[in-house]
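Reader: I'd love a close look at the aromatic rings in this one. Could you walk me through them?

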Amino acid sequence: MPPAPRPLLAGLLAGVLLLPTFRPASVSAQVSTPAAPRTIAIDERLAAAAGLAVGDTVRLAATAGSPGDLVRIAAITRRGADPSEVARNEFKVRLHLDHLQSLTGSGDRVGRFAVRSRGAPSGDAAAPDRVAAAINQSAFGFRAYPASAVAVETSSTFRVVNRFHRAIGVITIVASAIFLLCITLLKVDERRRDVGALRLIGCARATVLRAIVLEATLVALIGSILGAALGWAASAIVNWYYQGVYQTPLRFTLVTPGIVGFAVALSLVLGVVSGILAGRRLVRTAPLELVGR
Amino acid sequence: MIARLAIAALTRRRARTALTVAGVAVAAAMLLDMVMLGSGMRESFRGFIDQQGFQLRLTPRGTMPFDSEATVGGATALVATLRADPDIVRVGPVLGGKHFVAVDTGVVAGFLLGIDPAAQGDYRLEAGHDLAAADEIVVSTAWLAATGRALGDTVRVAGGYDPQLRRATGERTLRIVGQGRFQMLAASDRAAAVPLATAQAMGGADRADRVSVLLVETRGAADAEAVAARIEASEARLTALSTEAALKFVDERLGYFRQLAFILASVSLAVGFLLVTTLVTVSVNERIGEIAVMRAIGVARARIVSQIVLEGVALSLAGATLGLGLGLVTARWLNGILATFPGLPAAFDFFRFEPGAAFRALGLLVCCGIAAGVWPAWRAATLPIATTLREEAVA
Amino acid sequence: MTVTPVLSAQSIRRAYPLAGRSVEAVRGLSLDVMAGEWVAVVGPSGCGKSTLLNLLGAIDRPTAGRIVIAGRDVSALGDAEATRFRLTGVGFVFQRFYLMPTLTAAENVELPMAEARMPRAARSARARELLAYVGLDGRAEHRPFQLSGGEQQRVAIARALANRPALLLADEPTGELDARTGAEMIALLDRLNHDGTTIVTVTHDEELAQAARRVVHMRDGVIVDDVVRRPLEATA
């Protein structure tokens, strides 16, 4: 069976990390003393919002106003580091399958099966595809998707966000490059008189240029190391903030060695290039003009 | 003369001025983009909602429109009750569901809306005519492409599909009378609309006299929030969502982008400020002797300050002007990237140019430019003339 | 007949803090300059000549004493009034010319007039007139770097005269010039004085001092000698 069309609003909001999931039954928190209640697990956000704890008994109903069942909270679960869970405000309640079926009147129906193929654990990457194809060939009423295909489908949102972040990164790099060039130019220009004096006392152009480039490189190196430290601190703050906002262990930003290496390398290249550009301009100017005569 | 001196100071070292303006332009572009991003999604969504012309959406209690498959029963009576409310002008019942069309290569599945043609805001007709009879259907362009059908064709459409028996259920023969743009769906979505009664009948007993959403247009003078509260109080099965509440919901879910926009906008402002401060400070340091001479020959402090501040303003203004163009171009680029979000309505903009907000943001950047020039300007204007002249002479 | 001096400095002192103590560059100096006089202040380096000129030009303020120029006590002026006084009350010529490098010769001369809110046409005409007076009528549109040292100093003199000051103060006006150009500068100052401009110059240049009507010798912040070489005519 083809996948269900995306619901209207959820489709729109899928842009913000949302994918349609099963909406849980509503919960009314009325503690009482049941005879033999079934057990459920609730997520920690619901526990915090409704003031529930393990061992409490609550009434669980599929629709507002219906009597529902008395159930006991057996566990409190924490959200996984799943990007698709981020920004979902719904509370999650986990029930035993037969309990949910009876509560919602679904009979002996399920939404999906998860199947583990034999080849997968031994590293046979093609095994899930083969199993899915076999099921699709032979079984009535099912459509099997390998986990990789589901991952591609559910991660499409994040691929877009990634591309967006990369684009912002490109703009930031352009801005940083201009900033660094500008600062180097200013710093070198500030040294006009010193450079003029050095040239007047007989220092070769190449020596002066080397000194300028070395200075620009050192500034870029120190700046990029400080920048990496600042980036790391900013990343920690961002993670701390968003993990709090969305109540998820998901890490929103990562400062990897690769990223630090890229940033330092880029700064160094920009520092050297801007040092050469600014220095060449200066050493080509007549020394007397540089000292203001 | 002061303006002449300010311009001369900026053109004296062209390369660095050009670089600073370029830097400010990039910062301004980023700032503009982030302002557009911050308000764009919200305004775009508001546009969609306003376009529909309904102030309230009534959904099964605790759900958002079409966020689940939940429906409300007794729709006919509910609509009649609502229509009797003196504060309500129009009620548009909508039933959402799936539909299936057999084609040569298999089955095409799509989203089906059962609507009241006299009170709907889900699609805009682009060709043909609107629904007038029970056996008519309006479809999206993507639907026509997927099924290979054309306006005027007759088509067998099923309301369900029994996977065990591999058989369609609730089948109807419908005539394609219109081609519409379904505003809340992506351009690639295969969407179709039929009269509400037809959709209910195609859904079988489960869907008889049920609706997913009721769109409500309130009377001009009536307070939509008050009507919403009244409906919720009298009808326990319903959640009444006003436009503002829907926007608030969207705001909550789109919080990440707004916060990202705010952070990047702040960084852009800081970068612009730093660039202008650096350039103006260095420029003032270089001209400290000239400034001392101007003070010595009787040029007032205020003039010196205004000349230097003017330099900052000129840099920021030039940068902001360039940044406006650059920002619009990059916004298109970034919007193009975000437009590829799965399931996003085609006309939805993440970046929306709101002249008021854009010019306020660029104005803020220029204010930063002014602020950036103030300190070096004040330092220059208050320097001790005699000492500075002596130091300059020694230098 | 009682002649009121254009400049009257009474017991002026100027002390600077240096390495934790106070050093006096000018120590209780008094000096009167009559209208039409040309006074050359001479003395060894560090004797306080430039400090005296800065005090007379309201660039600096005395720590004690009183300076009256054209009937105005400039030693007690606030910053805004002192600035206004420098704009219209005195003209200053510096050793190193200090022209605005981005402005043309005419614009440099116009600068004080623009600051004094003189209408554009009037200041433009006066700038041309002054440049012609100092012998630079063909160089009005040149920028400082296109002019020789002597020409730059002439522009500086024209600028100093722009707002018709009561007093022209010149700090080593020939200090940066070669002998021939220096002689031309002295001739120009002489002509200015002859045409009625009151001048006070600080100089090491013996020829310049010789050209002045009166020579004041300074040492360690005080006047040690005051010689009138060419008295003013009775009409002064």
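Which residues do ring pairs link into a cluster?

Author: Happy to! Please keep in mind that this is a predicted model. The cluster is made of Y241(A), Y242(A) and F252(A), which ring pairs link together.

Now for the wider picture. Over all chains, a search of the whole structure finds seven aromatic pairs. One of them is formed by F164(A) and F351(B), whose ring centres are 6.4 Å apart. The angle between their planes is 55°, and the pair is tilted. This pair joins two chains, because F164(A) sits in helix 5 (residues 147–190) of chain A, while F351(B) belongs to the loop between helix 10 (301–338) and helix 11 (355–381) of chain B. Both F164(A) and F351(B) are buried.

Chain C offers a pair too: F92(C) and F94(C) are stacked, with 5.0 Å from centre to centre and 20° between the planes. That angle falls under the 30 degrees required for stacking. F92(C) has a relative accessibility of 3%, so it counts as buried. F94(C) is likewise buried, at 4% relative accessible area.

Here is some background on the chain that holds this stacked pair. Chain C contains seven helices and 10 strands, and 55% of its 236 residues count as buried. Its radius of gyration is 17 Å, which agrees with the value near 18 Å for a compact globule of 236 residues. Along the principal axes, its C-alpha atoms fill a box of roughly 50 × 45 × 35 Å. Among the contacts in chain C between residues at least 6 apart in sequence, 69% join residues at least 24 apart.

Key
Residues numbered from 1 in each chain as written. Chains lettered and ligands numbered in written order. Predicted model: local features only at pLDDT ≥ 70, side-chain atom pairs only at ≥ 80, totals over all residues. Heavy atoms only, no water. Helix = DSSP H or I, 4+ residues; strand = E, 2+ residues; numbered from the N terminus. Rg over C-alpha atoms; globule rule 2.2 N^0.38 Å. Buried < 20%, exposed > 50% of the residue type's maximum accessible area, 1.4 Å probe, protein only. Contact = heavy atoms within 4.5 Å. Phe/Tyr/Trp six-rings, centres within 6.5 Å; stacked < 30°, edge-to-face > 60°.
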